[in-house]
Amino acid sequence: MNLSDLRPAEGAKHKAKRVGCGIGSGNGKTAGRGTKGYGSRAGSAIRPGFEGGQMPLVRRTPKRGFNNYNFAKVYQIANLGDIAEIFKEGAVITVNELFAYGLVRNMDTPVKILGDGELDKPLTIKAEAFSKSAAQKIAAAGGTAEVI
């Protein structure tokens with residue numbers, strides 16, 4: 001195979017539609033925009049959620065309750081059972097190790113260790129938060145749970 005043999009897949013490339021190039025092009029005169037109205041003008045783009053001037057659904061529905069999303073603490077979670085399967089006895093586990101083994105998705109979001117699963121070996125786990133059951137299981141196995 002040569003570089004000169006490479007071709008895009010059949011149907012992957014399309015010719016650009018040439019609008020406003022005379023009546024013979026099939027898209028002349030109004031350039032496929034119809035006649036009159038907002039959609040025929042330059043720069044027209046209807047934003048998502050716009051309902052033609054009708055009161056939008058987002059504004060029609062009643063707003064109730066309280067949402068603390070501005071100040072809520074969002075944690076990534078890792079379960080003790082998954083940690084116990086991967087790490088050996090006496091290991092010191094930080095967010096870097098959890099990320100390296102794919103137990104957490106990114107290093108910037110704080111990590112909370114949950115007590116789902118069994119732990120039968122002493123481990124030192126360093127994280128931003130621990131559930132009560134996780135802290136108890138780590139202590140019972142002879143390990144330590146350090147809050148960063």
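Just one aromatic pair turns up in this predicted model, where a pair requires the ring centres of Phe, Tyr or Trp (its six-membered ring) to lie within 6.5 Å, with planes under 30 degrees apart counted as stacked, over 60 as edge-to-face and the rest as tilted. The rings belong to Phe 87 and Tyr 101; their centres sit 5.1 Å apart and their planes make an angle of 75°, so the pair is edge-to-face. Phe 87 comes from the loop between α2 (80-86) and β2 (92-93), and Tyr 101 from the loop between α3 (95-100) and β3 (111-114), so the contact ties together parts that are 14 residues apart in sequence. Helices (H or I, at least four residues) and strands (E, at least two) are DSSP runs, numbered from the N terminus. Phe 87 is buried, at a relative accessible area of 7%; buried means under 20%, exposed over 50% and partly exposed in between, with a 1.4 Å probe and protein chains only.

A word on ground rules: residues are numbered from 1 along each chain as its sequence is written. Because the model is predicted, local features need pLDDT of at least 70 and side-chain atom pairs count only at pLDDT 80 or more, while totals for chains, interfaces and linings use all residues, and side-chain values use heavy atoms, with hydrogens and water left out.

As for the overall layout, the protein splits into domain 1 (16-64) and domain 2 (74-145), with bounds taken from an automatic or database domain assignment. The C-alpha centres of domain 1 and domain 2 are 53 Å apart. An unreviewed UniProt entry puts the feature "domain: Large ribosomal subunit protein uL15/eL18" at residues 79-146; UniProt positions are given in the numbering used here, feature names are shortened, and annotations may be inferred rather than shown by experiment. That span, residues 79-146, is 32% helix and 24% strand, and its end C-alpha atoms lie 16 Å apart.

Then there are the sheets. One is open, with three strands in the order β1-β3-β5 and parallel pairing, where two strands pair if DSSP finds at least two bridges between them. Its edge strands are β1 and β5, each of which pairs on one side only. Strand β1 (residues 76-79) runs parallel to β3 over four bridges, and Ile 77 has Lys 112 of β3 as its bridge partner. On the β5 side (residues 129-130), β3 pairs in the parallel sense over two bridges, with Ile 113 opposite Phe 130. The side chains of β3 alternate: Val 111 and Ile 113 point to one face and are buried, whereas Lys 112 and Leu 114 point to the other and are not. That fits the usual picture, since side chains in a regular strand alternate between the two faces of the sheet.

Another open sheet has three strands in the order β2-β4-β6, again with parallel pairing. Here β2 and β6 stand at the edges with a single partner strand each, so one side of each has no neighbour in the sheet. Four bridges join β4 to the parallel β6, and Thr 124 stands opposite Thr 144 of β6.

Leu 119 sits in the loop between β3 and β4 (124-127) and counts as buried at 11% relative accessibility. Leaving out residues up to four places away in sequence, Leu 119 touches Leu 80, Ala 84, Lys 137, Ile 138 and Ala 141, contact being heavy atoms within 4.5 Å. The C-alpha atoms of Leu 119 and Glu 85 are 8.8 Å apart, with their positions 34 residues apart along the chain. Ala 141, in turn, lies in the loop between α4 (132-140) and β6 (144-147). With the same sequence neighbours excluded, Ala 141 touches Leu 119, Asp 120, Lys 121 and Pro 122. From Ala 141 to Tyr 69, 72 residues apart along the chain, the C-alpha separation is 36 Å.

The structure also holds one salt bridge, defined as a side-chain nitrogen of Lys or Arg within 4 Å of a carboxyl oxygen of Asp or Glu. Arg 60 and Glu 51 form it through their side chains, at 3.0 Å from N to O. Both ends are partly exposed: Arg 60 has a relative accessibility of 41%, and Glu 51 a relative accessible area of 31%.
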